[in-house]
Amino acid sequence: MDLYAENILDHYRDPRCKGEGSGASVSKEEDNPSCGDRLTAHLWIEDGSITKIEWEGTGCAISQAGMSIFAEELEGKTTTELLSMKKETVYELLGVPIGPRRFKCALLCLHTVKNAIRKHEGLEPQMWLETVEIDED
Amino acid sequence: MLTIDEIRRQFPLIAAQGSIYLDSAATAQKPQIVLEEVEKFYSEENANVHRGMHALAEKATVAYEDARKTVAKFIGAAAHEIVFTHGCTESINLVAKSWGKANLKKGDTIALSILEHHSNIVPWQQLQEEIGITIKWIDIDDDGSLIIDNLDDVKLVAVTGCSNVLGTKPDLKLIIEKAHAAGAKVLVDAAQLVVHEKIDVTELDCDFLAFSGHKLYGPTGVGVLYAKRELLESMPPFMGGGMMIGSVTKEGFTAAEIPQKFEAGTPPIAQVIGLKAAINWLSQYDWNDIATHEQELISTATDALNTIEGLTILGTPESSCISFTIDDIHPHDLTEIVGRNGVSLRAGHHCAQPLHERLGVVATTRMSFGIYNTKEDIERATEEIQKAIAILRPA
C-alpha cells in the first residue's frame, strides 16, 4: 500500500480536531528536529481520562495526518493506557507502511501526546528513544 | 566541451540504474577508475604506511605520499602543507582544536557567515563554550550574497567557498584581503567549491582550506586540510597516537614534523589513494568546460523550476545547487514521492539551520549537480515534482 494513501491525504488536506486549545488542562509542543515537523497537543483531562483534544502543527503530510487520525481516537482513553501505548498501535491506525525514514514523522503524534500527559502529571518528558523503543523489552 | 554521455558511462551507479541523481552536494557518485584503484591497492599494495621496511610497506608509503603531491598540485600548495584527515569536518575541527585553542583567548572575536554548514559552526561554538570566544555573524542580502563590512576586530574568519544551500559563492579574495588587513586568519570551507572550480590557495592567500574526498568523486572517509607552512609548524598536535610523534618517553613526547604531526593513527590509506584517482580523473577535463556545463544546468533548472506554481527559489544560485520551497508542500513529502520515481533530491535543513532560520523557512528541497547531470535529468525531475504536487497539494 502507498504511504500517501487516500486516508492520509484526506486528513492532511482536511485535518480534524485542530484548535488553539484555550481552556485545555495541558498543552505541550514537541518537534522532530531532523525535519522540522512540529506538533502541539492540547488535552482536556478529567479523572484520568481524555475528554477532549485539540492540536496545532506544521510539517509533512505523515506527521500532520498522523496527528489528525490519532486525535480522533483519543477521547475517552485513559492517561494510563496512552502512556503505555506502543508505536504499533499508531502504525495500525495510520494503516500505511512506515519505513525507517519516516517513523519519526508517524510517531510524533504519540510522542507529543505522551509528553503532554507526562507534563500534566508533573513528570519529565520522555525521550524519542523511549517513544520509539517502548516495546523492545 | 564535455561529452556527458561518455562521462555518464564511467559512473557504474549512474550508468546501470538510469536514476536521476541530483544530490551530489551531499555526496558525489564515483567513477569506475576510483573504485578500481581502491580495489587494486587492497589487492596488490596493502600495507601500513611509514611503518615497515618490507617491500609492500614501501609501495604503500610511496603511493600514499604520491597522493599528497597530487592533492597539493591540485590546489596550488606544497606537499608538506597537506594534512590528510577523515573528512572536511575533521579538518575544520583540527583547526579549531589546535590553532583555535592555542591562539584564541576569552573575549576574542571570530567571524562566521550565516551561510555556514554546521561543521563550520559547531567547532567554533565549542570554543565559545570552552574558552569564551565571541562569534560574530556575517549576514546575507536577498540574493544570498554576504554583506562584508568591518572585519577589524576579528581574529579569524571562517567562511564557505560555496553555500551548500543557496549555491552562492562568497567573494573569497575580498574577504581574505580585508581579514588580512585586520590581522585575522581565514579558513575556507571548500567542501562544495572544490569540485566546481579551480582553487589555488597560493593565489587566494587563505590560511586554511578544508574539503572532503567524497564530494570530489572520491571515496568517503578521507578529507584534506591545507594550512600555510608556518601555521602548521606553530600549531600543537590535534590527536595523539602513532605516526604523529618524534619520540615518546615515560616523561612525554615530541611531535613529528609537519604534516605527520597531524596524522595520528593509521590514516585512511586506500581512501587517500582513491582520492588521488578521483583528482586525476577530474583533471582530464578543463575547468572552463565544467563551469560552462554547470551554468547550463543551473539556468535550465532555474527556468524549469520557475514554471512551477508556488515555487520559490532561495537566493540567486551561482554554482553547485538550487534550493527551493513550494507553498503548502513539505520537502520530505515531495522528495519521498519523487524519490520513488527515481529522482534523488535532498530535503531538510541541509546541516545549515542558522541559514534556514535567517531565511525564515524550516526546510527546503535541494537540487544539486555533478559533472554527469544532464538537462534531461532536470526535465524529468521537474515533471516528477509536478506530479508529486498534484498528489499532495491540499484542496
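Visitor: How many disulfides are there over all chains?
Guide: First, some ground rules: this is a predicted model, where local features need pLDDT of at least 70, side-chain atom pairs count only at pLDDT 80 or more, and totals for chains, interfaces and linings use all residues. Residues are numbered from 1 along each chain as its sequence is written, chains are lettered from A and ligands numbered from 1 in the order in which they are written, and side-chain values use heavy atoms, leaving out hydrogens and water. A disulfide here is a pair of cysteine sulfur atoms within 2.5 Å. By this rule, the count over all chains comes to 0.

Visitor: Which cysteine sulfur is nearest to that of Cys206(B)?
Guide: Cys206(B) is buried, with a relative accessible area of 0% (buried means under 20%, exposed over 50%, partly exposed in between, using a 1.4 Å probe and protein chains only). Cys206(B) is in no disulfide, and the nearest cysteine sulfur, 12 Å off, is that of Cys88(B).

Visitor: And how far is the nearest cysteine sulfur from that of Cys321(B)?
Guide: Cys321(B) is in no disulfide either, and its relative accessibility of 0% makes it buried. The nearest cysteine sulfur belongs to Cys162(B), at 6.0 Å.

Visitor: Which helix gives the most residues to the largest nonpolar core?
Guide: A nonpolar core is a set of buried Ala, Val, Leu, Ile, Met, Phe, Trp, Tyr and Cys residues joined through side-chain atoms within 4.5 Å. The largest one has 75 residues, and those touching the most other members are Ile75(B), Phe84(B), Val157(B), Leu209(B) and Ile371(B). Helices here are DSSP runs (H or I, at least four residues), strands are E runs of at least two, and both are numbered from the N terminus. With 9 residues, the top contributor is helix α4 (residues 55-75) of chain B.

Visitor: How many residues are in the second, separate core?
Guide: Among the members of that core are Tyr12(A) and Leu94(A) from chain A, plus Ile20(B) and Ala388(B) from chain B. The count for this second core is 68.

Visitor: At roughly what angle do helix α1 of chain A and helix α14 of chain B cross?
Guide: Axes are lines fitted to C-alpha atoms, for helices over the stretch in contact, and angles run from 0 to 180 degrees between N-to-C directions. Under 35 degrees is roughly parallel, over 145 roughly antiparallel, 65 to 115 roughly perpendicular, and the rest oblique; α1(A) and α14(B) are therefore roughly perpendicular. Their axes come within 10 Å and cross at roughly 75°.

Visitor: Which residues of α14(B) make the contact with α1(A)?
Guide: Contact means heavy atoms within 4.5 Å. On the α1(A) side, Leu9(A), Tyr12(A) and Arg13(A) take part, and on the other side it's Ala390(B), Ile391(B) and Leu392(B).

Visitor: Where in chain B is there a cis peptide bond?
Guide: Most residues other than glycine have a negative phi, and most peptide bonds are trans. In this case, look in the loop between β10 (253-255) and α10 (269-282) of chain B, where Pro259(B) lies. The cis bond, with omega near 0°, runs from Ile258(B) to Pro259(B).

Visitor: What is the phi of Met243(B)?
Guide: Met243(B) sits in the loop between α9 (229-234) and β9 (245-248) of chain B, and at 12% relative accessibility it is buried. Although Met243(B) is not a glycine, its phi is positive, at about 70°.
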